[in-house]
Amino acid sequence: MKTLEIIGFKRANLGKAQTKELRNESYVPGVLYGGAEQIHFYAPAILFRDLVYSPEVYEVDLNIEGTHYRAILQDIQFHPVNEMLLHVDFLLLQDDKAVKIDVPVKFVGVSPGVLAGGKLVTKLRKLKIKALPAYLPDAIEVDISDLELGKSIKVSKIAKGDYEILTNPLAPVATVTIPRALKSAQAEETRGKK
């Protein structure tokens, strides 16, 4: 898993006035939980750009006043109107504790249905998994080399790894749709055979 460093500073006051002041100075308040105690901190908003606005999943090296913590992003809050980053929650990674995280899907192989004129439609871009930190993947590969026209690949058909997939096993990950032109050509073919 890729690593990203975020440098933060401990917060002494947790009131609304100080939080608003931090946001006005382009800082984002946050909290790190999962350890013995919660750690409240703030960090420059620019440091979150690669973490938040990316489909990638990162392990975060959270450097709070010189103390390093391994963490993953657990939750983000945005302003409802101007989309400004308001608050971030991080979960401390511990080698012996499994974590739940959303991991992106990566398609591998060539679908015969797409080669026949169909369109690959992605139904799920991420899957929720549970794994120990050492086994967290960058992405989950989904083989589409058997995907025919009009067929779907479900979560239950994904090759298993050193993690447990928590997403509904019956949920479709991708479907190859039949274009309208191809449907009408098939319909004329069947009428011509009668």
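**Salt bridges, a pocket and a buried aspartate**

With a relative accessibility of 36%, K128 comes out as partly exposed. That value, like everything else here, belongs to a predicted model. K128 pairs up with D102 in a salt bridge, at 3.5 Å from N to O. This contact bridges distant stretches of the chain, running from D102 in strand β7 to K128 in strand β9, 26 residues apart. D102 also has a relative accessibility of 36%, so it counts as partly exposed, falling between the 20% and 50% cut-offs.

Elsewhere, E59, R70 and D95 are joined into one network by salt bridges that share partners. Within it, the closest N and O atoms of R70 and D95 are 2.9 Å apart. Because R70 is in strand β5 and D95 is in the loop between β6 and β7, the pair ties together parts 25 residues apart in sequence. The two ends are not equally open to the outside: D95 is exposed at 58% relative accessible area, while R70, at 32%, is partly exposed.

K2 and E56 make another salt bridge, with 3.0 Å between N and O. Here K2 comes from strand β1 (residues 2-10) and E56 from the loop between α2 and β4 (58-64), so to speak a link over 54 residues of sequence. Both ends are partly exposed, K2 at 37% and E56 at 31%. Overall, the tally is six salt bridges.

Turning to open space, the largest pocket holds about 370 Å³. It is lined by 16 residues, and those closest to its centre are L73, Q74, I101, D102 and K126. Two or more lining residues come from each of α2 (49-52), β5 (67-78), β7 (99-108) and β9 (126-131). β5 is the top contributor, with five residues. As for chemistry, the lining has eight nonpolar, six charged and two polar residues.

D89, in strand β6 (residues 85-92), is a bit of an odd one. This residue is buried but has no salt bridge, and the nearest oppositely charged side chain, R11, is 8.9 Å away. Beyond its neighbours within four places in sequence, D89 touches V31, Y33, I72, L73, Q74 and D75. Two of those contacts, L73 and Q74, are also among the residues closest to the pocket centre.

Finally, the backbone has a couple of non-glycine residues with positive phi. S26 has phi near 65° and belongs to the loop between α1 (16-24) and β2 (27-33); at 48% relative accessibility it is partly exposed. E83 has phi of about 60° and lies in the loop between β5 and β6.

Key: Residues are numbered from 1 along each chain as its sequence is written. This is a predicted model: local features need pLDDT of at least 70, side-chain atom pairs count only at pLDDT 80 or more; totals for chains, interfaces and linings use all residues. Side-chain values use heavy atoms; hydrogens and water are left out. Helices (H or I, at least four residues) and strands (E, at least two) are DSSP runs, numbered from the N terminus. Buried means under 20% relative accessible area, exposed over 50%, partly exposed in between (1.4 Å probe, protein chains only). Lys and Arg count as positive and Asp and Glu as negative; His and the chain ends are not counted. A salt bridge is a side-chain nitrogen of Lys or Arg within 4 Å of a carboxyl oxygen of Asp or Glu. Contact means heavy atoms within 4.5 Å. On a 1 Å grid over the protein atoms alone, a cavity is a set of points where a 1.4 Å probe fits but cannot get out, and a pocket is an open set with protein on both sides within 12 Å along at least five of seven lines; lining residues have an atom within 4 Å of a point. Grid points are joined across faces, edges and corners, and a volume is the space filled by probe spheres set on the points. Ala, Val, Leu, Ile, Met, Phe, Trp, Tyr, Cys and Pro count as nonpolar, Asp, Glu, Lys and Arg as charged, and the others, Gly among them, as polar.
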